[in-house]
Every structure is written in structure tokens, then in C-alpha cells.
Amino acid sequence: MKNIMSKYFPSTLLGFVALIWLVFIVNFVIPFFDFNNLGIRPRSITGLIGVFTSVFLHGGLGHILANTFGLLICGGILRLSYSKSQLLTIIVLGTLVSGLLTWVISSSGVVIGASGLVFCFITMLLANAFFKPNILSWAQALICLFFYSGALLSLLTVQQGISWAGHFSGAVAGVFLSLVFNKYPKLFY
């Protein structure tokens, strides 16, 4: 059982999700400071800090649960094709690319949450089926579509309180990372 857990849910992914939950709990417990103010503030120099912090910040229990499941399911599927260190690179680059693009294209307000990274994972799995077509990549894409086709449809609408820019930026980051990882595999051991 331990080998299965560490293979599909490596410590990098589980540690990342645990850190998200730790920040959420601390933010809930500390009454005098709202960490969510450290999210992405579009096109504001002070809002650039959110590129690094927003992925750890969530607006409520439903928000963090949705992102937790997305990170674990899609991250576990990604782990079938990438090493632990590559998965860590995908997490870091996915966070940075989607965060920077969100900072550029989002409208006003503060953007928080790991949804951009979840969308990065989803579209990376789908793009892998295109850039590196084989049975595994197609199976991963189909599983991802089964679980997250509804989430992908959210890219076609704008909903109050949900960052379309964050989701879109994550989707772009996933396609970009799939292209780079498949075109230059020796860069990412």
C-alpha cells in the first residue's frame, strides 16, 4: 500500500497539498490578518507577490476541497508519465506561468486558489495525447475528460466569484508545458 501511495501520490504532491491546507487552517485561525489579501492583484507591482502565493490561498472549504481533489487526481495521473522531480517542476512552472498570465489578463480584484494549477494539470494531460500520442497518453486524456469535462466547459462562461482568467491561464500553461516537456524531454530529468 505504501509503494502504491508513493508511486502515484509522491511526497512532492502530497506535501504541496498539505501546505495548501496548512495555510488555509492558519488563515482561518488567525483573526487579525487575512492571507487572501496576498493573492494576485492584476497589473499591480505589489500584486506580483500573488503569483507565488495565490496557489496556497482559498476562499472557503468548498474551494479548497475542489482544488485538493483536482490536484490529487490529475497529479496522480500525471505521475504515471513523469518522475517525482518532473512533477515538482510541473507544479512550480505551472504555478508561475499560470500566475503571471493571470496577473496580465485578469480584470480587477484579487485572484486566489489552485484552480489555475488544476487546469494546468488537466490541459497538460490532454495536450500530451496530442504531442506524444500513445496508449498511455490517450488513456490519461480520456480519464481526465471523464472527471473534468465540466470544468473545461467553464472556460466558455464567466461566473461571478470565479476567476475565468485564472482557469484560462492554467489551461494555457498546461498546453505550453506539455509542448516543452515533449519537445525537449532531456531538459527535465
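**Exercise 1. Place Ser-169: is this residue buried or exposed, and what does its side chain reach?**

Step 1. Ser-169 has a relative accessible area of 0%, so it is buried. The cut-off for buried is under 20%. Note that the model is predicted.

Step 2. Find the element. Ser-169 sits in helix H8, which runs over residues 164–183.

Step 3. Follow the side chain. It reaches the backbone nitrogen of Thr-102 at a distance of 3.2 Å. A polar contact needs N or O atoms within 3.5 Å.

Step 4. List the contacts. Beyond its neighbours within four places in sequence, Ser-169 touches Ser-98, Leu-101, Thr-102 and Ile-105. Thr-102 thus appears as a contact and as the partner of the side chain.

**Exercise 2. Describe the overall build of the protein chain. How many helices and strands are there?**

Step 1. Count the elements. The protein chain has eight helices and zero strands. Along the sequence the pattern reads α-α-α-α-α-α-α-α.

Step 2. Check the compactness. The radius of gyration is 16 Å, and the globule rule gives 16 Å for 189 residues, so the protein chain is as compact as a globular protein of that length.

Step 3. Take the dimensions. Along the principal axes, the C-alpha atoms fill a box of roughly 50 × 35 × 30 Å.

Step 4. Look at burial and surface. Of the 189 residues, 43% count as buried. The accessible surface is about 10000 Å², and 75% of it belongs to carbon and sulfur atoms.

Step 5. Look at contact range. Take the contacts with a separation of 6 or more. Residues 24 or more positions apart account for 77% of them.

**Exercise 3. Test helices H4 and H6 against their expected spans. What are the end-to-end distances?**

Step 1. Start with H4, residues 61–79. At 1.5 Å a residue, its 19 residues should span 27 Å. The end C-alpha atoms are 26 Å apart, which agrees.

Step 2. Turn to H6, residues 115–131. Its 17 residues should span 24 Å at 1.5 Å a residue. The end C-alpha atoms are 24 Å apart, so the two values agree.

Step 3. Ask how each helix is covered. In H6, 14 of the 17 residues are buried, so this helix is largely enclosed by the rest of the structure. The buried residues of H4 include Ile-64, Asn-67, Leu-71, Cys-74 and Arg-79.

**Exercise 4. Trace the link between Asn-67 and Ser-115. Which atoms groups join, and at what distance?**

Step 1. Place both residues. Asn-67 is in helix H4. Ser-115 is in helix H6.

Step 2. Check exposure. Asn-67 has a relative accessible area of 6%, so it is buried. Ser-115, at 13%, also counts as buried.

Step 3. Name the link. The side chains of Ser-115 and Asn-67 are joined by a polar contact of 3.0 Å.

Step 4. Widen the view, leaving aside neighbours within four places in sequence. Asn-67 is in contact with His-58, Gly-113, Ala-114, Ser-115 and Val-118. Ser-115 is in contact with His-63, Asn-67 and His-167.

Step 5. Add a backbone distance. Asn-67 and Val-118 are 51 residues apart along the chain, yet their C-alpha atoms are separated by 6.7 Å.

**Exercise 5. Settle the cysteine question. How many disulfides are there?**

Step 1. Apply the cut-off. A disulfide needs two cysteine sulfur atoms within 2.5 Å. By this rule there are zero disulfides.

Step 2. Check Cys-120. Its nearest cysteine sulfur is that of Cys-74, 10 Å away, and Cys-120 is in no disulfide. Cys-120 is buried, with a relative accessible area of 0%.

Step 3. Check Cys-144. Here too the nearest cysteine sulfur is that of Cys-74, now at 4.5 Å, and Cys-144 is in no disulfide. At 1% relative accessibility, Cys-144 counts as buried.

**Exercise 6. Examine Arg-43 and Ala-18. Where in the chain does each lie?**

Step 1. Arg-43 lies in the loop between helix H2 (11–29) and helix H3 (49–53). Its phi is positive, about 55°, although Arg-43 is not a glycine.

Step 2. Ala-18 lies in helix H2. Its relative accessibility is 44%, so Ala-18 counts as partly exposed.

Step 3. Compare sequence with space for Ala-18 and Gly-113. They are 95 residues apart in sequence, and their C-alpha atoms are 14 Å apart.

Key:
Residues are numbered from 1 along each chain as its sequence is written. This is a predicted model: local features need pLDDT of at least 70, side-chain atom pairs count only at pLDDT 80 or more; totals for chains, interfaces and linings use all residues. Side-chain values use heavy atoms; hydrogens and water are left out. Helices (H or I, at least four residues) and strands (E, at least two) are DSSP runs, numbered from the N terminus. Buried means under 20% relative accessible area, exposed over 50%, partly exposed in between (1.4 Å probe, protein chains only). A polar contact is a pair of N or O atoms within 3.5 Å; within protein, one must be able to donate a hydrogen and the other to accept it, and residues adjacent in sequence count only if both atoms are side-chain atoms. Contact means heavy atoms within 4.5 Å. The radius of gyration is taken over C-alpha atoms; the globule rule is 2.2 Å times the number of residues to the power 0.38. Accessible areas come from the Shrake-Rupley method with a 1.4 Å probe; for residues, only the protein chains shown count as cover. The expected span of a helix is 1.5 Å times one less than its number of residues.
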